[in-house]
Amino acid sequence: MLFQLSEEQLMIQQAARDFAQNELKPGVIERDEHQKFPAEQVKKLGELGFLGMMVSEKFGGSGLDAVSYVLVMEELSKIDASASVVVSVNNSLVCYGLEAYGSEFQKEKYLKPLASGQQIGAFCLSEPEAGSDATSQQTTAEDKGDYYLLNGTKNWITNGKNASTYLVIAQTHPDLKHKGINAFIVEKGMEGFTIGPKENKMGIRGSDTHSLMFNDVKVPKENRIGEDGFGFKFAMKTLEGGRIGIAAQALGIAAGAYELALAYAKQRKSFGKPIAEHQAIAFKLADMATQIEAARMLVYKAAWLKDQGLPYTLAGSMAKLYASKVAMDVTVEAVQVHGGYGFVKEYHVERLMRDAKITQIYEGTSEIQQMVISREILR
Ligand code: CAA
Ligand code: FAD
């Protein structure tokens with residue numbers, strides 16, 4: 001068993017670390033405060049090849065492995081989870097979904113600009129009445145011969161405003177329940193497609209989360225992904241990999257907060273010595289480091305399994321469940337280590353604490369991960 005990254009993986013990790021320090025850190029507090037989407041930074045991430053990391057070069061991607069992808073997610077998330085969620089959705093939901101299950105036509109037309117970072121995409125499963133219970137899709141896609149007529153509302157959609165391409169899940173044959181669901185590629189600007197206002201959120205405030213409304217949108221038949229009725233499986237298979245990306249995001253948030261707490265504890269003095277020399281603080285740091293390392297092992301293993309072509313449903317859900325809990329625990333403690341300074345924005349840890357919470361909610365809540373894990377181990 002080798003616990004060693006390759007030269008190439010180390011180089012990519014360093015590139016992401018540098019990018020986070022040089023491009024994401026300046027302005028991250030202001031973007032959070034003003035809910036500003038990191039548009040310039042996302043453009044540069046595309047130029048670096050970080051938006052289509054695992055897509056083959058034939059379709060404009062970087063042709064890298066999933067381990068490299070989680071390394072990048074971890075480094076970016078140490079600094080700015082609002083930027084890293086763009087990377088996560090574009091790579092592991094949108095690009096993966098299109099490359100794995102799209103037609104040649106769809107890959108040429110839609111995957112290439114997404115994988116090369118010229119455009120970003122969105123993944124639209126959740127609805128006002130269908131979040132965890134994702135089979136209860138109310139959005140309908142009526143078969144009209146050479147097109148589908150799309151009607152309904154999606155909510156909480158990441159990249160909702162800045163995306164150009166939207167993968168939309170909708171019900172075509174309600175009597176068949178989840179077996180009647182389809183997935184479609186919808187373009188921004190299609191007649192009848194409107195974008196709601198931006199959500200005012202607790203965390204990842206730079207990320208553009210919007211509702212989307214579809215009112216008699218005509219979607220060409222060639223934009224359906226896979227066979228008729230494949231849409232729910234498409235969503236589930238795609239989310240399996242997505243959950244590894246969010247687990248890596250949670251890991252990065254935790255690691256970022258820990259690094260700040262460690263540095264602060266060495267230089268802040270109380271009772272005549274650095275606070276790190278008080279056992280209560282030193283033990284907090286020890287627990288944080290141990291939890292982060294355990295989360296890292298789960299995240300890297302899930303990515304490694306994916307790279308080996310081995311099943312990763314269980315590992316991905318375990319990684320997300322655990323890493324997101326570690327992100328919450330560690331960020332709360334990082335604020336505590338900073339004392340009053342941790343409570344103000346310029347020390348970064350309060351933002352990391354707010355950002356951590358979403359990792360227990362999106363791409364399947366912690367309770368849904370427990371459901372997936374228990375079903376896998378009991379089956
Ligand atoms: N791979 C393939 N098929 C799968 C699957 C998987 N991982 N998981 C389930 N399925 C299939 C089942 O086999 C079944 O099909 P068959 O009847 O043909 O066998 C079908 O899907 C329905 O499965 P269940 O009976 O298990 O359905 P359920 O309703 O009991 O549970 C669920 C399904 C796991 C809870 C699912 O609804 C789920 O994952 N919910 C969470 C939704 C979610 O993660 N949303 C994330 C939105 S994207 C997002 O959040 C992005 C972002 O923030 C950035
Ligand atoms: P509910 O499903 O109503 O759950 C409420 C609570 O009940 C949760 O604690 C849940 O775990 C629990 N619960 C529900 N059912 C069960 C059960 N059977 N057993 C035990 N507990 C249960 N969705 C997308 O499709 N695309 C996106 O890009 C996207 N981005 C998002 C970005 C943000 C910032 C947010 C907040 C959400 C985003 N989502 C996105 C939606 C997200 O995936 C859902 O919020 C999530 O799946 C939970 O659904 P819900 O909010 O409807 O909660």
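1. Threonine 209 sits in strand S7, which covers residues 209–220. In this predicted model, threonine 209 counts as buried because 22 other C-beta atoms lie within 10 Å, and the cut-off for that class is 20 or more. Once neighbours within four places in sequence are left aside, the contacts of threonine 209 are Trp156, Ile157, Thr158, Gly160, Lys198, Glu199 and Lys201. Phenylalanine 50 is 159 residues away from threonine 209 in sequence, and their C-alpha atoms are 21 Å apart in space.

2. One of those contacts of threonine 209, Trp156, deserves its own entry. Tryptophan 156 is placed in strand S3, and S3 runs over residues 147–158. The phi angle of tryptophan 156 is near 65°, a positive value in a residue other than glycine. Is tryptophan 156 buried or partly exposed? Tryptophan 156 is partly exposed, because its count is 19 other C-beta atoms within 10 Å, and a buried residue needs 20 or more. Trp156 is also among the closest residues to ligand 2.

3. A positive phi is also found at glutamine 35, where the angle is near 55° in a residue other than glycine. Glutamine 35 belongs to the loop between helix H2 (28–34) and helix H3 (39–47). With 17 C-beta neighbours inside 10 Å, glutamine 35 is classed as partly exposed. A colleague checking backbone angles may wish to view glutamine 35 and tryptophan 156 in the structure.

4. The protein is divided into domain 1 (7–120), domain 2 (122–228) and domain 3 (232–378). Where domain 2 and domain 3 touch, the contact takes 13 residues from domain 2 and nine residues from domain 3. On the domain 2 side of this contact there are eight nonpolar and five polar residues, and no charged residues. The centres of domain 2 and domain 3, taken over C-alpha atoms, are separated by 30 Å.

5. The UniProt record, an unreviewed entry, lists "domain: Acyl-CoA dehydrogenase/oxidase N-terminal" for residues 6–118. In the model, residues 6–118 are 72% helix and 0% strand, and the C-alpha atoms at the two ends are 29 Å apart. For residues 231–377 the UniProt annotation, again from an unreviewed entry, reads "domain: Acyl-CoA dehydrogenase/oxidase C-terminal". Residues 231–377 are 78% helix and 3% strand, with the end C-alpha atoms 26 Å apart.

6. Ligand 1 has 23 residues around it, of which Ala134, Thr158, Met236, Tyr362 and Gly364 come nearest. By class, the shell around ligand 1 holds 12 nonpolar, seven polar and four charged residues. Which helices each supply at least two residues of this shell? They are helix H5 (81–101), H7 and helix H11 (366–378). H7 gives the most to the shell around ligand 1, with six residues. Domain 2 and domain 3 each provide at least three residues of the shell.

7. Ligand 2 is surrounded by 23 residues, and the closest are Ser126, Gly131, Ser132, Trp156 and Thr365. The shell around ligand 2 consists of 12 nonpolar, seven polar and four charged residues. Strand S1 (121–124), strand S3 (147–158) and H11 each supply at least two residues of this shell. At least three residues of the shell around ligand 2 come from each of domain 2 and domain 3.

8. In soluble globular proteins, nonpolar side chains tend to be buried together. Here the largest nonpolar core has 115 residues, and Val70, Phe184, Ala254, Val299 and Ala323 have the most contacts inside it. Helix H7 (residues 231–267) gives the most to this core, with 19 residues. Valine 70 is in contact with Ile244, Ala248, Val299, Tyr300 and Ala303, apart from neighbours within four places in sequence.

9. Leucine 352 is part of helix H10, residues 349–358. Leucine 352 is buried because 31 other C-beta atoms lie within 10 Å, where 20 or more are required. Beyond residues up to four places away in sequence, leucine 352 touches Ile253, Gly256, Ala257, Thr331 and Ala334. Asparagine 22 is 330 residues from leucine 352 along the chain, and 18 Å separate their C-alpha atoms.

Notes
Residues numbered from 1 in each chain as written. Chains lettered and ligands numbered in written order. Predicted model: local features only at pLDDT ≥ 70, side-chain atom pairs only at ≥ 80, totals over all residues. Core = buried A, V, L, I, M, F, W, Y, C linked by C-beta atoms within 7 Å. Buried ≥ 20, exposed ≤ 12 C-beta atoms within 10 Å, placed from the backbone. Helix = DSSP H or I, 4+ residues; strand = E, 2+ residues; numbered from the N terminus. Contact = placed C-beta atoms within 7 Å. UniProt positions renumbered as here; feature names shortened; annotations may be inferred. Near = placed C-beta within 6 Å. Nonpolar A, V, L, I, M, F, W, Y, C, P; charged D, E, K, R; others polar. Domains from an automatic or database assignment.
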